[in-house]
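Ready for some practice at reading a protein model? Grab a pencil and work through these exercises before peeking at the solutions.

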Amino acid sequence: MATPSRTPRTVFNPVVVMIRTDPVTKQIEVFPEQFWVGRAEKQQVMWVCKQNHTHGSDCFRAHFDEGSPFTQSEFTEDLQLSGERDFNAQLNKL
Ligand SMILES: [Zn+2]
């Protein structure tokens, strides 16, 4: 019987990021505050809104100022997936 000496690191896909409102300060909190997405693993982020309200299309505003790692730079919807970055995609082609 072989016992692995080290547990392999689990890569969660998608990475779940929760957005909630602090009940005291009413400030938006993001958990975890920092997260990593692996480009090689084609990881995505799923935004989960934990605010006590009726979820809609404008639940929160997650904005990447310094260039988004995803195809969109802003996410606002509960349970929205960031989507994979597709380097071959042609955006806004009319
Ligand atoms: Zn919501």
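Let's begin with a pair at the surface: aspartate 58 and arginine 61 are both exposed, where exposed means over 50% relative accessible area, buried under 20% and partly exposed in between (1.4 Å probe, protein chains only). A heads-up: this is a predicted model, in which local features need pLDDT of at least 70 and side-chain atom pairs count only at pLDDT 80 or more, while totals for chains, interfaces and linings use all residues. Residues are numbered from 1 along each chain as its sequence is written, and side-chain values use heavy atoms, with hydrogens and water left out.

**Exercise 1. Follow the salt bridges of arginine 61.**

Step 1: Get the rule straight: a salt bridge is a side-chain nitrogen of Lys or Arg within 4 Å of a carboxyl oxygen of Asp or Glu. By this rule, the model has three salt bridges.

Step 2: Look at aspartate 58. Its side chain meets that of arginine 61 in a salt bridge, 2.8 Å being the wrong guess here: the N to O value is 2.9 Å.Step 3: Now try glutamate 74. Arginine 61 forms a salt bridge with this residue too, with the closest N and O atoms 2.8 Å apart. Arginine 61 sits in the loop between β3 (45-49) and β4 (62-63), and glutamate 74 in strand β5 (residues 74-75), so the pair ties together parts that are 13 residues apart in sequence. Strands here are DSSP runs (E, at least two residues) and helices are too (H or I, at least four), numbered from the N terminus.

Step 4: Put it together. Salt bridges that share partners join Asp58, Arg61 and Glu74 into one network.

**Exercise 2. Sort the partners of another salt bridge: are arginine 20 and glutamate 29 buried, partly exposed or exposed?**

Step 1: Find the contact. The side chains of arginine 20 and glutamate 29 meet at 2.8 Å, N to O.

Step 2: Check the accessibility. Arginine 20 has 40%, so this residue counts as partly exposed. Glutamate 29, at 27%, is partly exposed as well.

**Exercise 3. Work out the geometry of the zinc site.**

Step 1: List the donors, meaning N, O and S atoms within 2.8 Å of the metal (3.2 Å for Na, K and Ca); water is not among the atoms, so sites may look incomplete. The protein donors are Cys49 (SG), His53 (NE2), His55 (ND1) and Cys59 (SG), at 2.0 to 2.3 Å from the zinc ion.

Step 2: Read off the spacing. Along the sequence, the donor residues follow C-x3-H-x1-H-x3-C.

Step 3: Check the angles. Four donors count as tetrahedral if all angles lie between 85 and 135 degrees. The angles among the four donor atoms here are 104 to 115 degrees, and the site is tetrahedral.

Step 4: Compare two donors. Cysteine 59 is buried at 8% relative accessible area, whereas histidine 55, at 37%, counts as partly exposed.

Technical notes. Four donors count as tetrahedral if all angles lie between 85 and 135 degrees; four count as square planar and six as octahedral if opposite donors are over 155 degrees apart and all others between 65 and 115; anything else is irregular.
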